Amino acid sequence: MRITVIGCGYLGATHAASMAELGHEVLGVETDPAKRAALAAGTVPFYEPGLEELLSRHVASGRLRFTDSAAEAAAFGDLHFLCVGTPQSSSGLGADVSQVDAAIESLAPHLTRPSLVVGKSTVPVGTAARLATRLADLSPVGGEAELAWNPEFLREGFAIKDTLEPDRLVFGVASDAAEKRLRDFYAPMIKAGSPVVVTDFATAELVKVSANAFLATKISFINAVSEICEVTGADVVDLADAIGHDARIGRRFLNAGIGFGGGCLPKDIRAFLHRAGELGVDDAMSFLREIDDINQRRREYVVTLTRSMLGGSLIDRRIGVWGAAFKPDSDDVRDSPALWIAGQLQLRGAQVSVYDPRAGESAARVFPTLTYADSALEAATGADLILHLTEWPEFRELPIASVSDVTTGRMLLDGRNVLDLGAWRDAGWDARGLGRR
Ligand code: UGA
């Protein structure tokens with residue numbers, strides 16, 4: 001099929017390249033000239049394993065092209081995927097849907113034949129119904145320019161696999177015809193076993209934010225329990241393993257540590273909370289405020305604990321920080337707890353050297369005043385204390401002896417609870433985790 005992908009950020013670039021991989025002819029619409037030029041040259045302006053290879057292959061084959069023209073997009077395809085960003089609004093907790101609105105406003109007047117516009121962006125419930133009306137009003141073919149809502153659940157670091165082998169497909173539709181077109185389009189995934197849930201717009205929109213709110217709740221739950229473990233001498237990792245064996249609970253997303261960050265979970269729970277308020281049911285989602293608070297408290301706690309491990313003052317103490325990205329296999333530092341902690345320690349007087357295998361450049365753009373090292377050992381050199389804040393595998397594989405050779409102190413705080421504390425302690429280190437024995 002000939003499709004367009006409107007908005008070629010993380011979601012859009014992955015969707016465009018993956019759909020080209022499935023054999024479709026894809027036109028990506030990106031208004032940012034720098035991003036568009038990078039993509040058209042076969043490069044991806046962020047790090048996602050495997051994506052650049054996939055994208056460059058399909059740019060080279062001609063199956064994937066990019067433009068900034070809504071008119072060209074309307075002429076090219078009959079299915080238009082809306083993948084623009086919905087960041088947190090600059091004036092509050094709600095989502096800023098201006099890019100979604102702008103995409104419909106620019107595309108709809110050019111839709112001169114029956115078309116399906118498929119929203120994938122994460123939006124406040126009620127947005128799709130509003131956009132469907134606007135689409136029909138603006139399009140020369142009226143109601144034959146239809147909307148569907150098909151939320152995306154991809155995780156950074158696994159984006160291609162999650163797109164090509166989704167663990168579910170959700171179709172929010174207003175007609176049988178729209179459902180059929182989506183079923184035809186996604187036929188290879190459905191044939192391979194991805195379950196399909198067909199529903200209305202509002203449910204489809206809510207599925208996405210509910211999934212992210214649930215994941216955030218799981219993480220904050222275990223982090224709250226970890227606070228109890230800290231004061232009772234219990235071990236949160238053993239505890240998570242034990243409760244995780246209960247299939248009703250499950251072990252995934254029960255890793256206590258410095259908390260969740262990134263471009264999705266934090267802003268999505270805030271937007272959900274905000275939307276509930278707008279809908280007059282503030283109490284329904286008010287617990288998400290607590291989820292957010294528990295999460296923010298983790299970061300503060302690490303700063304406090306670091307200061308206390310260093311004897312009560314951070315002034316001129318040297319701290320090596322391993323990790324800046326919000327999670328491994330990503331160079332994304334949006335709302336990253338690792339970078340926030342590194343930044344706060346420096347603002348409070350410490351000398352902080354940060355190393356991240358991929359996120360050094362993006363971190364330096366956000367926080368240029370930190371020192372950035374080229375390796376974990378360089379960041380550790382001369383350090384009084386080491387903070388492990390993003391669980392890249394290479395940090396687990398470092399020989400402890402070589403770290404001991406370069407540091408001044410022997411203090412380690414594992415903010416992700418994945419290092420072998422016993423091995424570090426055996427090597428003479430004061431090694432601690434969060435909520436760990
Ligand atoms: C998240 C969801 O997992 C995806 O399903 C969703 O599609 C995506 O948001 C989105 O809305 O676009 P992502 O932001 O890539 O994906 O990151 P996650 O893997 O969910 O991790 C989020 C944060 O939680 C990271 O900072 C991670 O370190 C933290 N985390 C995760 C924990 O602190 N503990 C855990 O047990 C798991």
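In this predicted model, the shell around the ligand receives residues from both domain 1 (2-199) and domain 2 (234-437), so the ligand shell lies between the two. The shell comprises 22 residues, of which Glu156, Asn255, Phe260, Gly262 and Cys264 come nearest to the ligand. Sorted by class, the shell holds 10 nonpolar, seven polar and five charged residues. Helices contribute here as well: H10 and helix H12 (265-278) each provide at least two shell residues, and the largest share, three residues, is that of H10.

The division of the protein chain into domain 1 (2-199) and domain 2 (234-437) gives a convenient frame for the rest of the description. Between the C-alpha centres of domain 1 and domain 2 there is a separation of 33 Å. Their contact involves 14 residues from domain 1 and 15 residues from domain 2. On the side of domain 1 that touches domain 2, eight residues are nonpolar, five are polar and one is charged.

Helix H10 deserves a closer look, as it returns in several parts of this account. Its 32 residues should span 46 Å at 1.5 Å a residue, and the 47 Å between its end C-alpha atoms agrees with that expectation. Just past the end of H10 comes Gly233, with a positive phi of about 80°.

The packing of the interior can be described through its nonpolar cores. The largest of them has 84 residues, and those with the most contacts inside it are Val5, Ile6, Ala16, Leu82, Leu107 and Ala148. Helix H10 (residues 201-232) gives this core its largest share, nine residues. Domain 1 (2-199) and domain 2 (234-437) each supply at least three residues to the core. Another core, of 43 residues, lies apart from this one and includes Val302, Val303, Ile341 and Tyr355. Such groupings fit a general pattern: in soluble globular proteins, nonpolar side chains tend to be buried together.

Within the largest core, Ala148 offers a good view of how distant parts of the chain meet. Beyond its neighbours within four places in sequence, Ala148 is in contact with Leu116, Val118, Phe171, Gly172, Val173, Ala178 and Leu182. Glu146 belongs to strand E6 (residues 145-149). This charged residue is buried, since 22 other C-beta atoms lie within 10 Å, where 20 or more are required. Its contacts, again leaving aside neighbours within four places in sequence, are with Leu116, Ala174, Ser175 and Ala178. Glu146 also lies 9.8 Å from Leu79, C-alpha to C-alpha, although 67 residues separate the two along the chain.

Helix H13 (residues 287-309) carries the description into domain 2. Its 23 residues reach 33 Å from the first C-alpha to the last, close to the 33 Å expected at 1.5 Å a residue. The buried positions of H13 are Leu288, Ile291, Asp292, Ile294, Asn295, Arg298, Arg299, Val302, Val303 and Thr306. Two of these, Val302 and Val303, are among the residues of the 43-residue core. The partners against which the buried residues of H13 pack are H10, H12, strand E9 (318-322), helix H14 (337-347), strand E12 (385-388) and strand E13 (411-414). H13 is followed by Gly311, which has a positive phi near 90°.

Positive phi values also occur at residues other than glycine. Phe253 has a phi near 65° and is placed in the loop between helix H11 (236-244) and H12. With 16 C-beta neighbours inside 10 Å, Phe253 is counted as partly exposed. Asp316, likewise not a glycine, shows a positive phi of about 60°, and lies in the loop between H13 and E9. Asp316 counts as exposed because its C-beta neighbours inside 10 Å number 9, and the limit for an exposed residue is 12 or fewer.

A further loop position is that of Thr369, between helix H15 (360-366) and strand E11 (371-372). Thr369 is exposed, having 9 other C-beta atoms within 10 Å. From Thr369 to Arg181 the distance is 51 Å, C-alpha to C-alpha, with their places 188 residues apart in sequence.

Terms used. Residues numbered from 1 in each chain as written. Predicted model: local features only at pLDDT ≥ 70, side-chain atom pairs only at ≥ 80, totals over all residues. Core = buried A, V, L, I, M, F, W, Y, C linked by C-beta atoms within 7 Å. Helix = DSSP H or I, 4+ residues; strand = E, 2+ residues; numbered from the N terminus. Domains from an automatic or database assignment. Contact = placed C-beta atoms within 7 Å. Near = placed C-beta within 6 Å. Expected span 1.5 Å × (residues − 1).
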